[in-house]
Protein chains: 4
Amino acid sequence: MIGAAGGIGSTVALGVAALRKGLAEPIGLVSALPQFEDVGLIAPGTLVLGGHEVRAMTILEGVQELHQRDRLFDERMIAKCAPIIRSWQKNVRPGTIYGSSRSLRVIGEIAAPKRERSPAAVIERLRADIASFARRHRLDRVVVINVASSEPMVRSAAAHARYSRLEKALAKPGSKALPASSLYALAAIEAGAAYVNFTPSAGVAIPAIRERADQRGVPYMGSDGKTGETLLKSVLAPMFAMRNLRILSWYGQNILGNRDGAVLSDPRTRASKVKSKDGVISSIVGYKPMTHVGIDYVPSLGDWKVAWDFVHFAGFLNTPMHMQFIWHGSDSILAAPLVIDLARLAAHEMRDGRGGPMRHLACFFKNPLDVTEQKHGKQWRSLVEHVTGGGERQ
Amino acid sequence: MIGAAGGIGSTVALGVAALRKGLAEPIGLVSALPQFEDVGLIAPGTLVLGGHEVRAMTILEGVQELHQRDRLFDERMIAKCAPIIRSWQKNVRPGTIYGSSRSLRVIGEIAAPKRERSPAAVIERLRADIASFARRHRLDRVVVINVASSEPMVRSAAAHARYSRLEKALAKPGSKALPASSLYALAAIEAGAAYVNFTPSAGVAIPAIRERADQRGVPYMGSDGKTGETLLKSVLAPMFAMRNLRILSWYGQNILGNRDGAVLSDPRTRASKVKSKDGVISSIVGYKPMTHVGIDYVPSLGDWKVAWDFVHFAGFLNTPMHMQFIWHGSDSILAAPLVIDLARLAAHEMRDGRGGPMRHLACFFKNPLDVTEQKHGKQWRSLVEHVTGGGERQ
Amino acid sequence: MIGAAGGIGSTVALGVAALRKGLAEPIGLVSALPQFEDVGLIAPGTLVLGGHEVRAMTILEGVQELHQRDRLFDERMIAKCAPIIRSWQKNVRPGTIYGSSRSLRVIGEIAAPKRERSPAAVIERLRADIASFARRHRLDRVVVINVASSEPMVRSAAAHARYSRLEKALAKPGSKALPASSLYALAAIEAGAAYVNFTPSAGVAIPAIRERADQRGVPYMGSDGKTGETLLKSVLAPMFAMRNLRILSWYGQNILGNRDGAVLSDPRTRASKVKSKDGVISSIVGYKPMTHVGIDYVPSLGDWKVAWDFVHFAGFLNTPMHMQFIWHGSDSILAAPLVIDLARLAAHEMRDGRGGPMRHLACFFKNPLDVTEQKHGKQWRSLVEHVTGGGERQ
Amino acid sequence: MIGAAGGIGSTVALGVAALRKGLAEPIGLVSALPQFEDVGLIAPGTLVLGGHEVRAMTILEGVQELHQRDRLFDERMIAKCAPIIRSWQKNVRPGTIYGSSRSLRVIGEIAAPKRERSPAAVIERLRADIASFARRHRLDRVVVINVASSEPMVRSAAAHARYSRLEKALAKPGSKALPASSLYALAAIEAGAAYVNFTPSAGVAIPAIRERADQRGVPYMGSDGKTGETLLKSVLAPMFAMRNLRILSWYGQNILGNRDGAVLSDPRTRASKVKSKDGVISSIVGYKPMTHVGIDYVPSLGDWKVAWDFVHFAGFLNTPMHMQFIWHGSDSILAAPLVIDLARLAAHEMRDGRGGPMRHLACFFKNPLDVTEQKHGKQWRSLVEHVTGGGERQ
């Protein structure tokens, strides 16, 4: 996991440990549904965790922070899982802040190298970490999942078009050709690991990087985990469509108080998130109602996230009506089981020797790579068909 | 329409007239979606309306009441459509209060015969009305749709088992073998009309009556139009299921102020409605969370209906979270286009010579006859496949 | 405290211990506001706790239940306060179920005497407990506060009119002249303790008992702590009044999952609660809009309580508009600081030698004894004036 | 009225006409409460209306727009009041766009002079209009109320300090010393009329202008009518204070679709509004919780305004809880009766020969001039005491 000691990373760690020790049921895991029972996915409790982290914080400290600040988890579960989590800490290596924006200022003490020579050197360091992790634990497959904070949007550059050009650019000392998320993506690809981007950052979604991933035959997917408000949109907007009700305006406002919220209080970073969240409605209904997606940082909420959506719509004889929803959940708790799902499902692809974009995982993302379908029901059927051998790739 | 001058009935009338005169777009009509464009459904503006009504009120008075009390419709539209609506008034005959409960007390001055000899006599009178309506307007097909107020739940009786027994019971003077909605259903069947039950009342859903309908080859369906809160449940509950989130409690409360609300303030009647609305959640998720469906009469709301649903659910590591929605719509405006849809779709079945339960119409009902599937997405696909000739009956 | 190990009782205990040890700030204590700083109220951390309890449960078990089920409190605070709480456990004696309704069935194992001879005998036993508590701890003053579950409404009886008649009735073996809450009230009065009723149960509010309290010169007050929805009503309804906006309907629905919720799922008990909550609106606005107060038991919510209120109102030119609020709080956390306030403020009255109804405490109650004023602002001013020596009793 | 044909202006006109003809009750008028019955305020139906307007739109067209777009008013009432409203149209003169920002672009066709020589010339033109209006109708008193769109915030300038300096600056051709709202304010002052600012624009709140008003002895007050969300804050924040509950964050979001909303979609204009709305909470509770006031333009809402406020607060033992409210009202309907109140109450001051800031009117404003008290209850008592001769100016 990129960002292994963050809110999502530490929740994944506690969760996998709790599943291994039989202290928790797999609630929230899509891959634990009966539909996927006989498919031979790796048991979630047998996953071995590791990753990169730029902050001077351990996974267990991440768990404790969520427990004390946000009233998550049970202290007895934490106590019982602590030994496993500590053993994974050895698998966590310093991440990179190469090319990172000033958003990092908000995230506290940094434990990553302050200066690194070139993007190529960073990629090589990260790749070696992944390879060493796989070797030490004799792992069949490694899946790298980005659960770090959101990055600002990346401007496209000439070097992004072809891998051959990009490779040269990356070798130049001081080059800013790629954001950190993309350096991790290339490190994963070079290590032969699958790459999944749970954030709105660029990651693998740059033509030259995809070219390289396809060359190397590794599976990849992203971006931006669909955990809450957008998930609701992707089931509610189809309802309006199926009833021929005309959406006039869909106004959504999100407030949250965790590190991701702090990072998102930088307008440049927020733009990348909002872009990922918006567009769902018009893609589903086929016309362009007024839509708004707001994200604001409310520190007192900690890891809890509240979304208020006001949907103004016209019914028969042009009559205005409205519905509202309020979604109140813990960001890390909603995301972590999906991260475990993605690890299991990506490993499944690798076992079957499939590389390239995992379009059947669209239902996990706000902005699914190469997939225009945003209706959750359709995305879901595509997942079930693919994994259970209905075999139809969408 | 049974209850032709009620909120739904009068909105249907204004709407069909407005569609005929090109004053309105078919917003809210499922059957106006592109999916059904080439199927040859009857144009909504060409429908001829009529029906039965127990109250001393005209359709146009119903329209005016909604306009003045509930701020629905545009007065210029009403003025332009009034001549058509008045012309339909001649097609409205006195309904029956035979066997009706005391709920009727709340609905004002009665224009129906106070005493009628026997259920059989009532059925014959109603049947003759339908036949005469069809004859006068040279109609190819008649669809009878029950949009009257809800009736109390009916206790099953021995005579309900076989049509031969029922027929005898109905001939007895003063017999209370059937509620009014079922007398209308039998009148429709005898007149060769399709019968659709938009209310939770019994209607056709009594074995002996279905036996007769099947004998006569008429199509029928019900019950209880799915217009708001239940519609939302049938798209939101699948989302919780697809994400393996465990619903702990689903608490729903509805408040409304129209005649249906007044009738539902009688606990016996409410029981029939609540029964129809409950059960959706557990049917979809496959286990039994605590569920509650409340309906309360708040007169000041008039035709407007507000539903508040609080969904308490557990996510990963058993973490409690919640979502809420508030649905705020006009009952008549939500229902009327679906009534037009049902008329068009039932007529389509008749044209194609199909009788029996129209299971493909499940997505229109809270409690679809012979259909256990409550997920709206699946119901919708069944509709599209049936009507567009994918041909698979569910 | 009557009901010492219940949700409120155990939260009070943890809170007083935490205040004593300097582990908590007095958030939520009205009596800790600057207005009351120089009045000489007893320091909350110096209170000595004890009480009666009918269940086989300790205070510390009550604390643990709230922590584990409802994610309340910090486990480190509990650990540090446990010794103090255990020391108070010795002050908790078996309560009485004499005259209690079947609601008790829902509350688990009973540790109170199954049979007691007469109400008089019960009162004497409880009184002796209070006296012994005061003696052992050399207390200057004792305040008895009822924080037990709600009782069903009591029918008035002839014996309720005069203490002389009541006394005779209470002596009769098996007499059901009074509910348990009133037996406790009489025990407190006979022990010279103040009595405060935080529940909607009868308690002291029976003429014969008040006669006795006045005779004995003890202060008393009730009933039903104003902790959430009603508190909001008592500040929002005045706003509508001050703006001359006409409330059409005020529809409120409460859901909660604690023991009180379970007890309230008995309709007879609920009636007493609903009566206490209703009437606030019309008392404030001076006319009678449609009002509804619902309470439903949703077990998964535990100690958390959610209230949804929909206020339909007319503005200028009779235009309908609406506001809604959703209140989401922990019942015990909201109530406990007010219980501490009431202990401090009642002790203050005793120190100053005042007995009788403490009308200046109206702002703490849904149904304040002898006070018709329901506007919270006015009640508050009455409190401040009385306690700070403005001296005007309302 | 400045902005006589806008949403508020036209609603005031319809309302006064309806009150004159006995077609409406004075719902929403504070000044119609029993408290002010015997004070001798001018009867609302006897007010004579006039004003300035920059748009090419009549008052009656404003009424029709609200009726057709926003479903406000009853068409029969409009028909009956139209003759009176038309008669007032003669009292509406071209306003000024001198010094107005580009926000005006959004408001349609302009009927005001495109070029005017100097601020002094504008003031003189407007003054003459007011004087002529008073003369033609033989009015005892004129109250000028600004109900136009919000202006961007004004930077303070040297000329704002003293009237003598300002007067010179205003005489310079092309001078931009003052925004339009302040030109109207000076015109009113010179005409001997009272001036009330119902918007967040500068108006009279510039030292040099106040100096002049005080010199001339005219009463004045502002700014920004307190109609909805802020009104609720000013009754709810005191509740949290009185209960010693600690507000952690108060997050408020407003959406609206009328002309004011369009104007506010200009960030510079919005800043002036947000500033007026924020600060209420910390002023009431005495500390600085995180607060947010958002305003967004959602065109489909028309004159309807929805506010969602999420209040995160800590209770006993630092337990986080929350309340939310949703306010759904028509901007014009909420504002219009307060405008009538202000006219009546300002005229009352004039009759009694009082000039200067009308601090007792604080309860009508988000940002009351010279008043720091934001608790609505206290502001209300100040109003009642002043008007009914309790005589205490706060």
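So, which surface do chain A and chain C meet through? Hold that thought while I cover the ground rules. This is a predicted model, so local features need pLDDT of at least 70, side-chain atom pairs count only at pLDDT 80 or more, and totals for chains, interfaces and linings use all residues. Residues are numbered from 1 along each chain as its sequence is written, chains are lettered from A and ligands numbered from 1 in the order written, and side-chain values use heavy atoms, with hydrogens and water left out.

Okay, back to the chains. Turn chain A by 180 degrees, with a shift of 0.0 Å along the axis, and it lands on chain C with an RMSD of 0.0 Å. The fit is least squares on the C-alpha atoms of residues with pLDDT of at least 70 in both copies. In chain A, the C-alpha of A:R71 is nearest that axis, at 3.2 Å. And the answer: 100% of chain A's interface residues are interface residues in chain C too, so the copies meet through the same surface. Contact here means heavy atoms within 4.5 Å.

Next up, chains B and A. Chain B goes onto chain A with an RMSD of 0.0 Å, by a turn of 180 degrees and a shift of 0.0 Å along the axis. The two copies are therefore related as by a two-fold rotation axis. In chain B, B:F325 has the C-alpha nearest the axis, 2.0 Å away.

Last, one helix, meaning a DSSP run of H or I, at least four residues, numbered from the N terminus. In α12(A), 20 of the 21 residues are buried, so the rest of the structure largely encloses it. Buried means under 20% relative accessible area, with a 1.4 Å probe and protein chains only. Just after α12(A), A:G353 takes a positive phi of about 75 degrees.

Definitions and conventions. Buried < 20%, exposed > 50% of the residue type's maximum accessible area, 1.4 Å probe, protein only. Helix = DSSP H or I, 4+ residues; strand = E, 2+ residues; numbered from the N terminus.
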